[in-house]
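User: I'm new to reading structures, so please pick one small spot, take me through it slowly, and then show me what lies around it and elsewhere in the model.

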Amino acid sequence: MQNSPPNVKAAIDYLYRAESRRVLATLIRVLGQFELAEEALHEAFAAAVKQWPEEGIPSNPRAWLVSTGRFKIIDRLRRDARFDAAQNDIAAQLEQESIDPADQTDDQIDDDRLRLIFICCHPSLAQEAQVAMTLREICDLSTEEIASAFLIKPTTVAQRIVRAKAKIKNAGIPYEGPPASELPARLESVLQVVYLIFNEGYAASTGNDLLRPDFTDEAIRLGQLLNQLIDDAEVKGLLAMMLLHNARRDARTNEAGDLILLEDQDRNLWDRNAIEEGTSLVRQALTAESVGTYTLQAAIAAAHANARTYRDTNWNEICGLYTFLLQATPSPVVELNRAVAIAMRDGPEDGIKLINEILQRGELTQYHLAYAAKADLYRRLDRNEEARRSYLDALELAQQEPERRYLQERINELPR
Amino acid sequence: MKYLCLVYYDETQMAQLSQQEWDALNRECMSCVEGLQNQGHFLDGAPLHPVASATTIRIRNNQVSTMDGPFAETKEQLAGYYLLEAKDLNEAIQLAERIPPARYGSVEVRPVRELMAEGNVSYA
């Protein structure tokens, strides 16, 4: 009964979620442009919905989808050639040039994804465009999700993607990875993108689920792939950071999907193997001549992950690492995290003072975690009215359901 | 004597034109080129894709930096031009890196587009 229609439909849905971006990456290489590849992807899945319930699921569905998508495009260009002769040339060229991808290995498909990441992160594209393109094209995030992760409007993201695609086409950015000589320079933007994918999975910005394990797994997989292909301290640092954060995944939420703070997490649920792997990668990365921002963040995560209990946390080391991190990448979010670490080391008043300084400069005023952090510090000081007001500010800005529930519970717990 | 005539306009203004108006302007350019060609005045010329398609290259301390967009500083003036044939932008960038003034100022790499009777890539 494996191929009965409802099962086939479920299989296609699953394939779409799990494989559509891999299929797209290969189609972009095979067809040479985003528009044709996106059309081919759509056609391939439409054909699967039609054919698979009767013919059964092919033994290599991914290769079938690529092959079918390519064939449908060549066919469509041929049909359009009745009105526009140029289409026939394109179709003939495609047929000649592109090898039928039916017998591709998984390794080649990984290469396609890596190649596509480097195209999306081409230095001729503005960095915001690189990030938006990768999240959209490789990871299939919606423009809303991308916008939320970057605290900008969805229309801005959509515009960035349209312009980036126009530039790739008009300026002639080739569908190739970088030559070895340009690899280091082009790696930095790739790492930033992987980092942001991970963050979106680890602390999903909207919706009902706090965690999107597929995004974290995807980002870690990309990190591991990069680490296999490129010997670079920051690749190791980034992979370590992702492994160390992800090691705490099962302890971060309860059965209801609510957030559990680091302080209250059951450390027995932490994935010791991932912590070991991450810690060993940080150690390797820290021996590099210059220590980068991902390595510093990994070192902070390692300090937390290796503390037996919350009380054993080495806040002094963590404050020091945050100070280095702030020097390396001045950013209000890093400043906020440093303020929280300083509050742990020196007392809540110092933290509140630092957070207020950030907000008074007009930064992070739309960022719910700034108010939530301040509220927690007020609560520790039993300044309940100020805590309530800050929690309400945070609640107004928070878009993530479990976070909203968490904030509401804290408000309810405050003594009247 | 040879003279280089540089064409400037405000892209946002051009974006207001309808596709028909825009194609009509392009056809006007085509007949302008034809007229100059017939009289033996036209040596070379081409329209460019919008500034958004630009890549700027600078070389400082033997380090090449590649950035999106036209980033000539206002104190920099146009000093010359190279019309290059390259298979794609990566090759164009590598060729442009060999232009000596990249070490002093900047080299903006802009793709050339084709004038067409209709269906011209518009600014909108």
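Analyst: **A loop residue and its surroundings**

Let's start with A:D382, which counts as exposed because 9 C-beta neighbours lie inside 10 Å (20 or more other C-beta atoms, placed from the backbone, within 10 Å would make a residue buried, 12 or fewer exposed, and anything in between partly exposed). Keep in mind that this is a predicted model, where local features need pLDDT of at least 70 and side-chain atom pairs count only at pLDDT 80 or more, while totals for chains, interfaces and linings use all residues. Residues are numbered from 1 along each chain as its sequence is written, with chains lettered from A and ligands numbered from 1 in the order in which they are written.

So where does A:D382 sit? You'll find A:D382 in the loop between α18 and α19 of chain A (helices are DSSP runs of H or I with at least four residues, strands are E runs with at least two, both numbered from the N terminus). Its backbone has a quirk too: the phi of A:D382 is positive, at about 60°, even though this residue is not a glycine. Most residues other than glycine have a negative phi.

Now look at the two helices on either side of that loop. α18 (residues 368–380) and α19 (residues 384–397) of chain A have axes that come within 8 Å and cross at roughly 160° (axes are lines fitted to C-alpha atoms over the stretch in contact, with angles from 0 to 180 degrees between N-to-C directions). That's why α18(A) and α19(A) are roughly antiparallel to each other (over 145 degrees; under 35 is roughly parallel, 65 to 115 roughly perpendicular, the rest oblique).

Which residues do the touching? On the α18(A) side they are A:H368, A:Y371, A:A372, A:K374, A:A375, A:Y378 and A:R379, and they meet A:E386, A:A387, A:S390, A:Y391, A:D393, A:A394 and A:L397 in α19(A) (contact means C-beta atoms, placed from the backbone, within 7 Å). Sorted by class, this contact has eight nonpolar, two polar and four charged residues (Ala, Val, Leu, Ile, Met, Phe, Trp, Tyr, Cys and Pro are nonpolar, Asp, Glu, Lys and Arg charged, the others, Gly among them, polar).

Zoom out, and this helix pair belongs to a chain with 20 helices and zero strands. Chain A has 416 residues, of which 39% count as buried. Elsewhere in chain A, α11 (residues 233–246) and α13 (residues 272–286) pack with their axes 8 Å apart, at an angle of about 155°. That makes α11(A) and α13(A) roughly antiparallel as well.

Chain B has a loop residue to set beside A:D382. B:N61 lies in the loop between β1 and β2 of chain B, and its phi is positive too, near 50°, in a residue other than glycine. B:N61 is exposed because it has 5 other C-beta atoms within 10 Å.

The strands around B:N61 belong to an open sheet of three, in the order β2-β1-β3 (chain B), paired antiparallel (pairing takes at least two DSSP bridges). β2 (63–68) and β3 (107–109) of chain B stand at the edges with a single partner strand each, so one side of each has no neighbour in the sheet. As for β1(B), residues 55–60, three bridges join it to β3(B), and B:T55 stands opposite B:V109.

Finally, the two chains meet: twelve residues of chain B and twelve of chain A make the contact. On the chain B side, β2(B) gives the largest share, three residues.
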